[in-house]
Amino acid sequence: MNRISSTMRICGLLLVSVFIFSAFKTTLTYAVDQPVKIGVLAQRGDENCRQQWSATADYLTQNIKGYNFSIVPLDFDQVVPTTKKAEVDFLLTNPAYYVSLEITYNVDRLLTLINRDVYDKPMTTFAGVIFVLNKRRDITSMKELIGKRFVAVDPESLGGWLAVLRELKEAGIDPEKDFATMSFAGTHDAAVYAVRDGQAD
C-alpha cells in the first residue's frame, strides 16, 4: 500500500511539474519581445551609423515594453528596395526620399527631425557644400570648377549632391560636360578623403 501511495505521489508531482513547466514555457513564448527594425540612411558608413543610433534603439527597447528595437544601416542604394520589401518598420532618411516613398510605397511621414548646427543650435534648413583644399588658389569661384575633377557623395544624397547640383546649374555648369571627371564616393567621409588625398579637386 505504501509503495502504491508513494508511486501515486511521485506521479502526481511529475504531473504538476510538467504542468508548471508547460505553463512557464507558454509564458516564455509570450515574453519574447517583438523585433522592430529602424532603417537609417548611413551617410557616413555602417559603423558610424550604428555608433550614432544604437543608443536610440537601446533607449526605445528599455522604455517601450514588449519591443526590441534594432538599427539597420542602409546605403543610398538600399533605401528604396528595403522600403519596397518592407524589411524595416521605420525609416530615417533625408528629405529627398520622402515624396517618392510616399507616392510609390504609401509610406507615412511621421515626423521631421530638426538638425543641430555646429554651435548646437536647432536648424531646419538643409544644405550641401563645395570645398577645395586651402592650398588650391586656382579654385575660388563656381566657374573655376569647370575642367576640374569633382567628387560627390551619391546621386540620391540631398546634402552630398542634389543641393549642390542645383547651385551648379544656377551657375550655368553642366556636371556631365563641364567637369574633367565626375564621380560618387558613396559616403560623406569618402568624398572628403578623396579631396584630401588628391583623387579629386
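Here is a walk through the fold, from the overall layout to the sheet, the core and a few individual residues. The model is a predicted one, so take everything below as values computed from it.

Let's begin with the broad layout. The protein has seven helices and seven strands. If you follow the chain along the sequence, they come in the pattern α-β-α-β-α-β-α-β-β-β-α-α-β-α. Of the 201 residues, 25% count as buried. As for how the chain meets itself, take the contacts between residues at least 6 apart in sequence: 65% of them join residues at least 24 apart.

Now to the sheet. Three strands make up an open sheet, in the order β2-β1-β3, with parallel pairing. Which strands stand at the edges? They are β2 (67-74) and β3 (90-92), and each has a single partner strand, so one side of each is left without a neighbour in the sheet. From one strand to the next, the twist averages 25°. Strand β1, residues 34-41, pairs with β2 in the parallel sense over eight bridges. If you want a spot to orient yourself on that pairing, look at I38, which stands opposite I71 in β2. Lying across β1, β2 and β3 is helix α2 (residues 46-63), and its direction is at about 165° to β2.

Stay with β2 a moment longer for some aromatic chemistry. The model holds four aromatic pairs. One of these is Y67 with F69, a tilted pair with 6.4 Å centre to centre and 45° between the planes. Planes under 30 degrees apart would count as stacked and over 60 as edge-to-face, so an angle of 45° lands in the tilted class. Are the two partners buried or exposed? Y67 is partly exposed, at 32% relative accessible area, while F69 counts as buried because its relative accessibility is 11%, and the cut-off for buried is under 20%.

Ring pairs also link F150, W161, F179 and F184 into a cluster. That brings us to the nonpolar core. The largest one has 10 residues: I139, L145, F150, A152, W161, V164, L165, L168, I173 and F179. β6 and α5 each supply at least two of its residues, and the largest share, four residues, comes from α5. F150 is a handy place to stand if you want to look around. Not counting residues up to four places away in sequence, F150 touches I130, L145, W161, V164, L168, F179, T181, M182 and S183.

Helix α5 deserves its own tour. The helix covers residues 158-170, and its buried residues are L158, G159, G160, W161, V164, L165 and L168. What do these buried residues pack against? Their partners are β6 (149-152), α6 (175-178), β7 (181-184) and α7 (188-196). At the N-terminal end of α5, S157 acts as a cap: one of its side-chain oxygens lies 2.9 Å from the backbone nitrogen of G160. After α5 comes G172, which has a positive phi, near 80°.

L158, in helix α5, is worth a closer look. With a relative accessibility of 19%, L158 counts as buried; the cut-off is under 20%, so this residue falls on the buried side of it. The C-alpha atoms of L158 and A96 are separated by 5.8 Å, although the two residues are 62 residues apart along the chain. Setting aside neighbours within four places in sequence, L158 is in contact with N94, P95, A96, F126 and A163.

Finally, two loop residues to check on your Ramachandran plot. N106 is not a glycine, yet has a positive phi of about 60°. You'll find N106 in the loop between α4 (98-105) and β4 (115-116). The residue is exposed, with a relative accessible area of 63%. D120 is likewise not a glycine and has a positive phi, about 65°. Its place is in the loop between β4 and β5 (122-123). At 52% relative accessibility, D120 also counts as exposed, because the cut-off for that label is over 50%.

Methods:
Residues are numbered from 1 along each chain as its sequence is written. This is a predicted model: local features need pLDDT of at least 70, side-chain atom pairs count only at pLDDT 80 or more; totals for chains, interfaces and linings use all residues. Side-chain values use heavy atoms; hydrogens and water are left out. Rings of Phe, Tyr and Trp (its six-membered ring) pair if their centres lie within 6.5 Å; planes under 30 degrees apart count as stacked, over 60 as edge-to-face and the rest as tilted. Buried means under 20% relative accessible area, exposed over 50%, partly exposed in between (1.4 Å probe, protein chains only). Contact means heavy atoms within 4.5 Å. A polar contact is a pair of N or O atoms within 3.5 Å; within protein, one must be able to donate a hydrogen and the other to accept it, and residues adjacent in sequence count only if both atoms are side-chain atoms. Two strands pair if DSSP finds at least two bridges between them. Axes are lines fitted to C-alpha atoms, for helices over the stretch in contact, and angles run from 0 to 180 degrees between N-to-C directions. A nonpolar core is a set of buried Ala, Val, Leu, Ile, Met, Phe, Trp, Tyr and Cys residues joined through side-chain atoms within 4.5 Å.
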